[in-house]
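Hi everyone, thanks for making room for me today. I'd like to walk you through one structure, piece by piece, so have a look at it on the screen while I talk.

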Amino acid sequence: MKATRTRLPGITLRDANASDADAIMRLLADVNPDDPDAYEDARPNLALPQSGPLSHHRALAVVAEDGTGRLVGALLGGAPLWLFEHPGVTDAVLLHALVARIGTISAVAVGPEHRGSGVGGELIRHAIRRFTRAQYGLVTLNCFPALEPYYQRLGFSITGDLNVYVGAGLLLGQRWSDTQVAAKALDRYTAFAAVPGLGSPVVSGLLPGSRVPRGAYFDGEKLCG
Ligand SMILES: CC(C)(COP(=O)(O)OP(=O)(O)OC[C@H]1O[C@@H](n2cnc3c(N)ncnc32)[C@H](O)[C@@H]1OP(=O)(O)O)[C@@H](O)C(=O)NCCC(=O)NCCS
């Protein structure tokens, strides 16, 4: 994929390739010194041929470069891993449907000398456009408290649990012990609904037949109404 210009002078975005892997891992290790290898699992994706629906099938890897071709930022994303382990996702059809509709941004990092100049915002807005074009209905990311206002300015809602209604009363709830979730609806079908019995809003309309009905409530096990 060719480079995408940004509003920032000299800064362009492009899909990552295998030869970017070391530089991307260095950037991510720099922002995550406690767990410098946290994103090594993403390395094999970069070796895949670039092909849709995202940059590398269902993985997204984008880099920001300055005018000299130096890598100044990176964003990784793709399928939410929690879906693969969730006890409520019991069949492959549902898993495939959800993986095609929920995208996640797993890491964003900007080199120290470029922080605060808008590179992170450009990468995140670009990822939102990519997920939207690929017909995802929801994008999420895990968010440390200090960055909540930042993601809210980028159009995300911050929530404690991620609750996704998949129809027929079945609600998938996911909670992280150390972070909140930032979530953004990407199409006209997907919305957040307040449901009595739940402390966090419910993602409604993500799959066919999954709109939260008016008057619905959670009885502790399933969505009723
Ligand atoms: C977080 C990060 C990806 C944002 O990218 P960026 O290009 O610097 O962000 P932008 O220029 O688009 O936006 C800047 C805004 O991000 C927010 N921000 C960035 N880092 C922040 C931090 N550590 N704490 C709070 N807000 C932060 C601020 O609102 C900032 O606005 P300001 O410059 O007016 O203060 C980047 O700064 C980075 O890689 N930081 C290192 C990791 C980090 O600080 N993580 C935070 C852990 S809570």
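Strand β7, residues 157–159, is joined to β10 by three bridges, and the two run antiparallel. To find the place by eye, look for S157, which stands opposite A183 in β10. Please keep in mind that what you see is a predicted model.

Now, β10 has another partner too. Strand β6 runs antiparallel to β10, with six bridges joining them. One pair to look for there is C143 with its bridge partner in β10, Q180. If pairing is new to you, the general idea is that strands of a sheet pair through backbone hydrogen bonds, either parallel or antiparallel.

How many of the six residues of β10 are buried? Five of them are, so this strand, residues 180–185, is largely enclosed by the rest of the structure.

Let's move to another sheet. This one is open and has four strands in the order β9-β8-β12-β11, with mixed pairing. At its edges stand β9, residues 171–175, and β11, residues 191–193; each has a single partner strand, so one side of each is left without a neighbour in the sheet. From one strand to the next, the twist averages 30°.

On the β11 side, the partner is β12, residues 202–204, and the two pair in the antiparallel sense over three bridges. There you can spot A193 standing opposite V202 in β12.

Next, a helix: α5. It has 15 residues, and from its first C-alpha to its last it reaches 21 Å, close to the 21 Å expected at 1.5 Å a residue. Its buried residues are V119, G120, E122, L123, I124, A127, R130 and F131. As you look along that list, remember a general point: an α-helix has 3.6 residues a turn, so residues three or four places apart point the same way.

And what covers the buried residues of α5? The cover includes β2 (12–15), β3 (60–65), β4 (71–78), β5 and β6 (138–143).

Let me pick out one residue of α5, namely I124. Is I124 buried or exposed? The cut-off for buried is 20 or more other C-beta atoms within 10 Å. I124 has 24 C-beta neighbours inside 10 Å, so it counts as buried. Leaving aside residues up to four places away in sequence, I124 touches L75, I105, V108 and L154. D37, on the other hand, is 87 residues from I124 in sequence and 22 Å from it in space, C-alpha to C-alpha.

The helix also takes us to the ligand. Around the ligand there are 15 residues, and the closest are R115, G116, G120, G121 and F144. Two elements, β5 (102–110) and α5 (119–133), each supply at least two residues of this shell. By type, the shell divides into nine nonpolar residues, five polar and one charged.

Let's follow the chain out of α5. Just after the helix, Q135 takes a positive phi of about 70°, although it is not a glycine. Q135 lies in the loop between α5 and β6. With 11 other C-beta atoms within 10 Å, Q135 is exposed, because the cut-off for that is 12 or fewer.

H57 also has a positive phi, near 60°, and is a residue other than glycine. You'll find H57 in the loop between α2 and β3. It has 15 C-beta neighbours inside 10 Å, so H57 counts as partly exposed.

That loop between α2 (43–46) and β3 also holds P53. Have a look at the peptide bond from G52 to P53: it is cis, with omega near 10°.

One last stop, at N17. Where does N17 lie? It is in the loop between β2 and α1, residues 21–31. N17 has 17 other C-beta atoms within 10 Å, so it is partly exposed. And here is a nice one to find on the screen: N17 and L46 are 29 residues apart in sequence, yet 5.2 Å apart in space, C-alpha to C-alpha.

That's my tour. Thanks for listening, and I'm happy to go back to any part of it.

Terms used. Residues numbered from 1 in each chain as written. Predicted model: local features only at pLDDT ≥ 70, side-chain atom pairs only at ≥ 80, totals over all residues. Pairing = 2+ DSSP bridges. Axes fitted to C-alpha atoms, helices over the stretch in contact; angles between N-to-C directions. Near = placed C-beta within 6 Å. Nonpolar A, V, L, I, M, F, W, Y, C, P; charged D, E, K, R; others polar. Expected span 1.5 Å × (residues − 1). Contact = placed C-beta atoms within 7 Å.
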